[in-house]
Amino acid sequence: MKDFNTVYCRKAKFTIRAQRRIQFIINRYSVWKIFIFSLKESVCKLYLKESHEINLSKMANKEIEIFREFLRIPSVHPNINYDSCVQFLKKQAESLNLPLKVNFAGDPTKPIVVITFEGSQPELSSIMLNCHMDVVPVDEDKWVHPPFSAHMDEEGRIFARGSQDMKCLGTQYLAVIRELQKSGTKLKRTLHLTFVPDEEIGGKFGMQAFVHTTAFKDLNIGFAIDEGTPEEDDVYKVYFAERTMWHIHFHINGTAGHGSRLLENTAAEKAKYLINKFSELRAREAKKLIDNPDFTDGDVTSINLTRLDGGVQTNVIPSKISLGYDIRIALEVDIPEFEKEIQKWCEEAGGDIEIVFEIKEPVTERTKLDNTNIYWTAFKQGLESMKLKHKARVMAGGTDIQYLRALNIPAIGFSPIINTPVLLHDHNEFLTAEMYLLGIKIWKEILMEVANV
Ligand SMILES: [Zn+2]
């Protein structure tokens, strides 16, 4: 496995290094920014089309074909029809002779598919392996190959929306079961493979609702595994928690009047006070990232002003201005105190400010990565038996895993993808056939530990 990695790493690292170098040049010579940017795009496109002498016949195997078939289903937002995904999964379950159930949690157009690989001790709590079926929209003009063609180039790179995020995991879980069946290996605990809709838009009728159904309770989940992120280096990241997300609106009321006057307590002056307070906090958090090289986005609170609405016409001082913020709160923050602080700022700004939460996630427990968590001990054993470097991390964005952690189910986010440019939600998202096949081996080792604990 090490040799395999080394060969692959050299190529992936070259791409990453080349892109970083180009980025450095862009930053340094800002006058040439636009010119160099288009040059960078052309170089990247050229490099992506460049051919290499890897023998693809080895990769053109059944597993790669199954993965590509899943990728070709355009389960892309908005208004996804999930029928083709369900048909694909039914075919997979049939070929593995596994039971499949289609559940709904409040919307008949949003199926939640569960494929079950029963363990030798089905009375034990089970392991959930989750995969979301939906993918984010694409800007087709920016892709070197059509995003739902799952084109595999000469270097074995499979280009498709969803190749990294996260259809790869869904078909890898199925591949592991196929291998276990081939060798007649039984696991102690039951595996439930869940394929859920709408993760990319919050999972309102997907995981968020499913966890409150009897169908979910009947699965008797003891531990859950969901997506992590690809990594550009050679260290696998284990996500044990997520930040708490707030989408918050401030409807600021103030003195209205003629645009020629210097009135007190205007909505704009109050907004300025609030914006300054949030900007100061944002700067402090950004500094933490600079001061601690080991920190990533998941370790600090992010604050972004994302909406700014108000005004009627330019010579009228408006009676109302609204601000919208996307805030992701770091784990160590005392959230009730933080909320009080924000209320205090509103008073200091002059008051008469209405706070409306569009999203106010509850604080969820982090999954313990110590000896008290038998599943983690087993997971770690799997990683260490393969001598894989790994690091615990807090997920910067939000995923479906939060709904499981909210029920106090220990859950880990993990993607067996390293030395790969991170292209989640980006143009030209791809995963190499080698990395995909390596991922199956990694999952197998991990699941042999976790489902036998
Ligand atoms: Zn995802």
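In which loop does Asp-198 lie? The tour below reaches that loop after an overview and several other stops.

**Before selecting anything**

This is a predicted model, in which local features need pLDDT of at least 70, side-chain atom pairs count only at pLDDT 80 or more, and totals for chains, interfaces and linings use all residues. Residues are numbered from 1 along each chain as its sequence is written.

Display the whole protein chain, which has 12 helices and 17 strands. Helices (H or I, at least four residues) and strands (E, at least two) are DSSP runs, numbered from the N terminus. Of its 453 residues, 37% count as buried; a residue is buried if 20 or more other C-beta atoms lie within 10 Å of its own, exposed if 12 or fewer, and partly exposed in between, with C-beta atoms placed from the backbone. Among contacts between residues at least 6 apart in sequence, 77% join residues at least 24 apart. Two residues are in contact if their C-beta atoms, placed from the backbone, lie within 7 Å.

**First stop: the three-stranded sheet**

Select strands S4, S5 and S17, an open sheet with the order S4-S5-S17 and antiparallel pairing. Strand S4 (151–152) and strand S17 (430–432) stand at the edges with a single partner strand each, so one side of each is left without a neighbour in the sheet. Strands are said to pair if DSSP finds at least two bridges between them. S4 and strand S5 (residues 157–159) pair in the antiparallel sense over two bridges. To see a bridge, pick Met-152 and its partner Ile-158 in S5.

Now add helix H12, which packs on this sheet and touches S4, S5 and S17. The direction of H12 makes about 70° with that of S17; axes are lines fitted to C-alpha atoms, for helices over the stretch in contact, and angles run from 0 to 180 degrees between N-to-C directions.

**Second stop: the helices around H12**

Keep helix H12 (residues 433–450) and add helix H10 (residues 374–385). Two packed helices are described by the angle between their axes and the distance between the axes. For H10 and H12 the angle is about 145°, and the axes are 8 Å apart. The residues of H10 that meet H12 include Tyr-375, Phe-379 and Leu-383, while those on the H12 side include Ile-446, Met-448 and Val-450. The residues of this contact divide into seven nonpolar, three polar and two charged. In this classification Ala, Val, Leu, Ile, Met, Phe, Trp, Tyr, Cys and Pro count as nonpolar, Asp, Glu, Lys and Arg as charged, and the others, Gly among them, as polar.

Next, replace H10 with H3. The axes of H3 and H12 are 10 Å apart, at an angle of about 105°. That makes H3 roughly perpendicular to H12, a term for angles of 65 to 115 degrees, whereas those under 35 count as roughly parallel, those over 145 as roughly antiparallel and the rest as oblique. Glu-63, Ile-64 and Phe-67 in H3 meet Ala-433, Tyr-436, Leu-437 and Ile-440 in H12. By class, the contact of H3 with H12 has six nonpolar, no polar and one charged residues.

**Third stop: the four-stranded sheet**

Select S11, S13, S9 and S14, an open sheet with the order S11-S13-S9-S14 and antiparallel pairing. Strand S11 (302–310) and strand S14 (353–360) stand at its edges. Neighbouring strands of this sheet are turned by 20° against each other on average, direction ignored. Strand S9 (residues 244–253) and strand S13 (residues 320–329) pair over 10 bridges in the antiparallel sense. Met-245 stands opposite Arg-328 in S13.

**Fourth stop: residues in loops**

Asp-198 lies in the loop between strand S6 (191–196) and helix H6 (207–210). Although not a glycine, Asp-198 has a positive phi of about 60°. Asp-198 is buried, with 24 other C-beta atoms within 10 Å.

Asn-428, in the loop between strand S16 (411–413) and S17, has a positive phi near 55°. With 20 C-beta neighbours inside 10 Å, Asn-428 counts as buried.

Select Pro-78, in the loop between helix H3 (62–71) and helix H4 (83–95). The peptide bond from His-77 to Pro-78 is cis, with omega near 0°. The peptide bond from Asp-165 to Met-166 is cis, with omega near -10°. Met-166 lies in the loop between S5 and helix H5 (167–182).
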